[in-house]
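Colleague: I'd like to learn how to read a new model feature by feature. Could you walk me through this one?

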Amino acid sequence: MNDSEAGGALPPIVVGAEEARERLDRVLARHVPALSRSRLKALIEAGHVALGGRTMTEAAHRVNEGEVIAVTVPPVEEAVPTAEAIPLAVVYEDADLIVIDKPAGLVVHPAAGNWTGTLVNALIAHCGDSLSGIGGVRRPGIVHRLDKDTTGLMVVAKTDRAHKGLAAQFADHGRSGPLERAYVAFVWGRPVRRAFTVDAALDRDPRAREKIAVRPSGRHALTHATREASFLDGLVSRLACRLETGRTHQIRVHMAHEGHPLLGDATYSIGFRTKAAKLPDAARSALERLGRQALHAGLLGFEHPVTRARMRFESPLPADMAALAAALGPADADLA
């Protein structure tokens, strides 16, 4: 189990001979690895742990062989996001949905470490009660997301009927339906093939849980990429990427897997930072000012879930990526 699950009584734990006289919290940490040590300590202090039928509140209590530990994990209460007056770049809006152009640095929905200052907080302030109950407490109206430092177009549902229709299109990822998404990515190197597909399953990296990695046991992930231009004798290329699945960090991990990580991606292109030294001064300065992965969701198309009208929106490169593109200079002569 994990902290996000509904909670309940865990299976009884019998203290073994080798655990006699150990601290209660340490014994629990050994038997309940899914919960952090701090979480277990908090459960003890809140009276959710019993030893031999007696409620315990001291994490440092020493246990005895044969004693039975009972742990009850209360359900995690969803934090209700509050409205915050955060400016939004609204591209389109009607009674059922809103399309926004997300800036860099804006987290989409509240989560650990980012309970405020998110797109959801801004949407609640902008849309009011129309978002209530749509998509869950922490993600009202959200049917897809962009990484914190990825810019570009997002559509958010304002009504239940819009949420259902949009969610179905994003679940299909445009394989048989009207959804269309395209990203602009600047990557290191020059892919040999002008057009290529990365078909590589993705899952959490077991060595670094905040990262995603290509893993055969992971979830199916498919990215189609087209090399639009190369610069500086192939040192950098501009790609158009289209998703056929929607996994976390998909484009970033897939391009790194191909040997062409995104410029500015501190998570997945650490080994390529020395390449920045090969950039001309203007391009190197532009990359430093960018300070994030060079990825922009520039195209979003879908069928309006209520009117059935075909909707299509395009967003130009944001100023920081446009400055990087300009600093790279003219495109190489295409030799493909």
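Modeller: Sure, we'll start with the overall picture and then go through the core, a helix pair and a few single residues.

Modeller: Keep in mind that this is a predicted model.

Colleague: How many helices and strands does the secondary structure of the protein come to?

Modeller: There are seven helices and 16 strands. The C-alpha trace spans about 75 × 50 × 35 Å along its principal axes. Of the 336 residues in the protein, 45% are buried.

Colleague: And what share of contacts between residues at least 6 apart in sequence join residues at least 24 apart?

Modeller: That share is 66%.

Colleague: Next, the core. What's the general idea there?

Modeller: In soluble globular proteins, nonpolar side chains tend to be buried together. Here, the largest nonpolar core has 28 residues, and L123, Y183, I251 and M255 have the most contacts inside it. Several elements each supply at least two of its residues, including strand 7 (97-102), strand 9 (180-188), strand 15 (295-303) and helix 5 (250-257). Helix 3 gives the most to this core, with four residues.

Colleague: Which residues does Y183 touch, leaving out those up to four places away in sequence?

Modeller: Y183 touches L146, L239, A240, C241, L243, I251, L295, H296, A297 and G298. Notice I251 in that list; I251 is also among the residues with the most contacts inside the core.

Colleague: Since I251 sits in helix 5, how many residues of that helix are buried?

Modeller: Six of the eight residues in helix 5 are buried, so the helix is mostly covered. The buried ones are Q250, I251, R252, V253, H254 and M255. Just after helix 5, G259 takes a positive phi of about 90°.

Colleague: What about H249: where is it found, and is it buried or exposed?

Modeller: H249 is found in the loop between strand 14 and helix 5. The cut-off for buried is under 20% relative accessible area; H249 has 16%, so it counts as buried. Not counting residues up to four places away in sequence, H249 touches D147, E210, I212 and Y268.

Colleague: Now helix packing. At what angle do helix 6 and helix 7 pack?

Modeller: Helix 6 (residues 281-290) and helix 7 (residues 319-327) pack at about 165°, and their axes are 8 Å apart. An angle over 145 degrees counts as roughly antiparallel, which is why helix 6 is described as roughly antiparallel to helix 7. Their crossing is left-handed.

Colleague: Which residues make that contact?

Modeller: From helix 6 you have A282, A283, A286, L287 and L290, and from helix 7 D320, M321, A323, L324 and A327. Sorted by class, the contact has nine nonpolar, no polar and one charged residues.

Colleague: Last one: how should I read backbone angles, and which residues other than glycine have a positive phi here?

Modeller: Read the phi value together with the residue type and its place in the chain. R21 is one such case, with phi near 75°, and R21 lies in the loop between strand 2 (13-14) and helix 1 (24-31). D233 is another, with a positive phi of about 55°. D233 is in the loop between strand 13 (222-231) and strand 14.

Colleague: Is D233 buried or exposed?

Modeller: D233 is exposed, because its relative accessible area of 79% is over the 50% cut-off.

Technical notes: Residues are numbered from 1 along each chain as its sequence is written. This is a predicted model: local features need pLDDT of at least 70, side-chain atom pairs count only at pLDDT 80 or more; totals for chains, interfaces and linings use all residues. Side-chain values use heavy atoms; hydrogens and water are left out. A nonpolar core is a set of buried Ala, Val, Leu, Ile, Met, Phe, Trp, Tyr and Cys residues joined through side-chain atoms within 4.5 Å. Buried means under 20% relative accessible area, exposed over 50%, partly exposed in between (1.4 Å probe, protein chains only). Contact means heavy atoms within 4.5 Å. Axes are lines fitted to C-alpha atoms, for helices over the stretch in contact, and angles run from 0 to 180 degrees between N-to-C directions. Angles under 35 degrees count as roughly parallel, over 145 as roughly antiparallel, 65 to 115 as roughly perpendicular and the rest as oblique. A crossing is left-handed if the near helix is turned anticlockwise from the far one by less than a right angle, and right-handed if clockwise. Ala, Val, Leu, Ile, Met, Phe, Trp, Tyr, Cys and Pro count as nonpolar, Asp, Glu, Lys and Arg as charged, and the others, Gly among them, as polar.
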